[in-house]
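Here is a walk through one protein model, from single residues to the whole. Keep the sequence and the 3D view side by side as you read.

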Amino acid sequence: MSVPSLPLPAGLAAARLPEDRERSPYTGWTRAHWETAADSLLGAVVPYASPRNGLINLPGARPSWAGPRSDGLEGYARTFLAAAFRVAGDGGRDPHGHLARYAEGLAAGTEHPVTEPGLGGRHPDAWPVVPDTHQAIVESASVALGLRLTRPWLWDTLDDKVRARAVDWLLPALDPPPIDNNWWLFGLTVGGFLLDAGIETERAQASVDRALDRIEGWYRGEGWYSDGDNQAFDHYNGWALHFYPVLHAHLSGDRALLDTYGERLCAHLDGFRRMFDANGAPIPFGRSLTYRFAALAAPWAGALTGHTPLGPGATRRLASGTLRHFLERGAVTSDGLLPLGWYGPYAPFLQGYSGPASPYWASKGLLGLLLPADHPVWTEREEPLPAETADAVTALRAPGLLVQSTKADGLVRLHNHGSSSVFGPNDPHYARFAYSTRTGPSAAESAGTTADTSANPGSDTTPAETPDNHFALLVDGAPTGRGPVEPRGSGPGWAASAHTPHRADGTELAGVRVLSATLAHGRAEVRVHLVTGAAPGTAVRQTGWAVTDDGPAAQLHAVYGFARNSGQARTVPTGSTPFGEHSRTACLDGTVPDAPEGALFISLASLTAEPAPAPVDKLAEVRLTGPYDIHVTWEDGTTNALSLTADTATAP
C-alpha cells in the first residue's frame, strides 16, 4: 500500500490556514482547522505502521506494562477512532485514504492473533487477544466504535472471512472486565457495534445491560460518576463514563436511553465548562493526563446529541481554544506525534499503563468532526467561556469540588474536597487541596514503571519532598499524606472535607484527624484546617501554589495558628511541574498547641496572572467569632461564615 507524503505537524499545518475572526473572534478557528489537525495527526503515524498496518508502533523510551505488541495495537485502535470521526463526519469522503489502511490492518491483525502458544508472535501485524492481554479490552472499544461509525465504508466492504475473524477477536470483550471501573463500558461499546451489525445480539445486549447496571451504582448526581466503588472524580467522567453511554444511546437511536444519559451529561457539562481557562487549558487533575484534549469528548458529545447547556458557538470556542492551546505549546513533536506528557514530554504525569500510543486517547477530543460542516456548532459565532465573563466560585456538591475563576486573567482553580486517588495518599494528581489551569502539581521525576497490579494502575511519580497546595503534619521530618478524602459539605463559595493523615510509608496516623475547608471569592482563598488528636508540639506545614518564573504570581499569608513573622511565608523549591522544570512554593510553619478540642490553622492564598497584584491580606478580613467559627469579609464587602467541629463544617 502506498504511503502518503508526511504532512506538516498538526499545529503548524493548522496555523497556515486563514483565521476567521468574524465567526470565531476568540480562537480564529473553523472546521477546516480541525480537519487539517486531524489529517496531520493521522498522517504522522503512517511511517510507524507494521507492513500491513495491523499495528502502529510509535517510538518511545518506555513501553507500557502490557508490552510492545499491545502498544502497537493501541496505536492502531486509538488512531482508527480519529479516522472514523474524520471520515464519518464528512459523509464517507476520504481523500487521504485513512480507512483503506485501517481496513487492511483489521484483516492483518486478526489473521494470526497472538496466543500462547501460537503463531501470532512471528507475524509483525498480529494483534494480542483479549483473554491474554487485558489492555486489548480497552482497545477493543475504539476498534468497535470506529467500525460502528464507518460501517458503510469499511465493515460492509470486508469479505466474510475477515469479518468472522474480527468478530472472534471482539467477542471476549463482552465478558465482565477484570477491573471494576470504567472498563465495563468497553464491553458496552463492543456490544453496541455487534447489535448494529446483527451479530451475537443476545450476548451483545447482555453486555450492554450489565455495563449500564454497573455504572448506575456509581452515579452520585449532578452529572458526576465515581470511577468505581471509590471517591475518584476526574476526567474519566467526560472521556469515558459519559462518552460511551451517550454515544451508544445516540447511535442506537434509543430515545429513552439518551434522555437518561443525555440529561446526566448536560448536568455534568454545566459545571465542567467552568474548568477551562480563557487560554484554552483544562485543569491537570487526576490520572491519564497525557490524554490531553480528550477532555473535549464530553462537550462535543453534548453538541452532537443536543444535551448541553452550551450554545453552539460556546462549544466551538471551548473546543477550539483547547485544541489550539495544546498544539501551540509543544503537545505535538516536530515529527507530528503526540508524546507522553502534557505539553511536551513529562514523565511525572504517566502511569504504568502509559505507552507510546497512549496519548492518542486524545482522539476522543476530535468527536466534533462527526458534526457536519453546516451544523450550528461550526457556523454560529463563538461565545465566551464562563472564565471570560465574570468572577465565579461554583460548588460542585456531588464530587466535592470548588471551582474558582477570575475574569481579569481567565485563570481557573479547582479546590479538591471530594476526589481521592485509588493509588494511595501521596498521589500528586488527586491528593493536593488545589489545582489550576496554569500550575501543575509538583512531583519528583519518574522513578520507573510501576508494576502491574491490575487493580491499581499506579502513578510513575514519587512524592515531592514539599508538595504544593498541601497541609501536613511533619512526622520524623516527613510530611504526612492526605488519606482518602471524605466530603464534609459545600455551599456558595465554600467546600470542606476530612481525612486521616498517613505517614510516608502509607500507614495511618492513628487517632489524628484533619478537617479542612476552603472559602473563595475573586482570586482570594481562605484555607482552614482543624487538627484533632495530634500531640502538642507536632509540627505542621501549609504550602501554596507551585509557580515558575514565567507563570502566574502566588501569595500565601498566615492568619491564625502559624508562626506569624508578620504573616510572611518562606519560599521553598518544589521540583518539576508540567509548566517548568523548577518551581517554587510559599510555605507556612506552625506547631500544634495544647488544645484538647483541636488546633486551628488559617491562611490566605492567591494565584493570579494580574500585573502587580495587591497583597492577599488586603483581599479579605478573617475573624474568629467563636473557637471554631470563622467569619470572612471580602474586599467588596460580601461575607462568608463557617462553623467547624472536629468532623463537620456548616454555613450558618
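Ala-319 counts as buried, because its relative accessibility is 1%. Buried here means under 20% relative accessible area, exposed means over 50%, and partly exposed is in between, with a 1.4 Å probe and protein chains only. Ala-319 is found in helix H12, residues 312–327. Helices (H or I, at least four residues) and strands (E, at least two) are DSSP runs, numbered from the N terminus. Leaving aside neighbours within four places in sequence, Ala-319 is in contact with Trp-34, Leu-296 and Trp-300. Contact means heavy atoms within 4.5 Å. Leu-366 is 47 residues from Ala-319 along the chain, and their C-alpha atoms are separated by 9.1 Å.

A word on the source. This is a predicted model, in which local features need pLDDT of at least 70 and side-chain atom pairs count only at pLDDT 80 or more, while totals for chains, interfaces and linings use all residues. Residues are numbered from 1 along each chain as its sequence is written, and side-chain values use heavy atoms, with hydrogens and water left out.

Now go to helix H10, residues 255–272, which holds His-268. His-268 has a relative accessible area of 1%, so it is buried. What does the side chain of His-268 reach at 3.0 Å? The partner is the backbone oxygen of Gly-223. A polar contact is a pair of N or O atoms within 3.5 Å; within protein, one must be able to donate a hydrogen and the other to accept it, and residues adjacent in sequence count only if both atoms are side-chain atoms. Gly-223 also appears among the residues that His-268 touches, not counting those up to four places away in sequence. The others in that list are Glu-222, Trp-224, Asn-237, Gly-238, His-242 and Ala-298.

Follow the chain on from H10. Ser-288 is found in the loop between H10 and helix H11 (297–305). Ser-288 is buried, because its relative accessible area is 1%. Its backbone stands out too. Most residues other than glycine have a negative phi. Phi of Ser-288 is near 60 degrees, a positive value.

Asp-476 has a positive phi as well, of about 55 degrees, although it is not a glycine. Its place is the loop between strand S7 (471–475) and strand S8 (478–479). Is Asp-476 buried or exposed? Asp-476 has a relative accessible area of 82%, so it is exposed.

His-502 comes next. It lies in strand S12, residues 501–502. His-502 is buried, because its relative accessible area is 7%. Its side chain reaches the backbone oxygen of Thr-500 at 2.9 Å. Beyond four places in sequence, His-502 touches residues on either side of it along the chain, including Pro-425, Thr-480, Gly-481 and Leu-509.

Two strand residues follow. Thr-591 sits in strand S18, residues 580–591. With a relative accessible area of 45%, Thr-591 is partly exposed. Thr-591 touches Gly-537, Thr-538, Ala-539, Val-540, Gly-561 and Phe-601, not counting residues up to four places away in sequence. The C-alpha atoms of Thr-591 and Ala-535 are separated by 9.6 Å, with their positions 56 residues apart along the chain.

Leu-624 lies in strand S20, residues 620–626. Its relative accessibility is 32%, so Leu-624 counts as partly exposed. Among the residues that Leu-624 touches, outside four places in sequence, are Tyr-560, Leu-600 and Ile-602. Trp-153 is 471 residues apart from Leu-624 along the chain, and their C-alpha atoms are separated by 69 Å.

Now step back to the whole. The protein has 13 helices and 23 strands. Its C-alpha trace spans about 80 × 60 × 45 Å along the principal axes. With 652 residues, a compact globule would have a radius of gyration near 26 Å, and the protein agrees at 25 Å. That radius is taken over C-alpha atoms, and the globule rule is 2.2 Å times the number of residues to the power 0.38.

Buried residues make up 63% of the 652 residues. Of the contacts with a separation of 6 or more, 68% join residues 24 or more positions apart.
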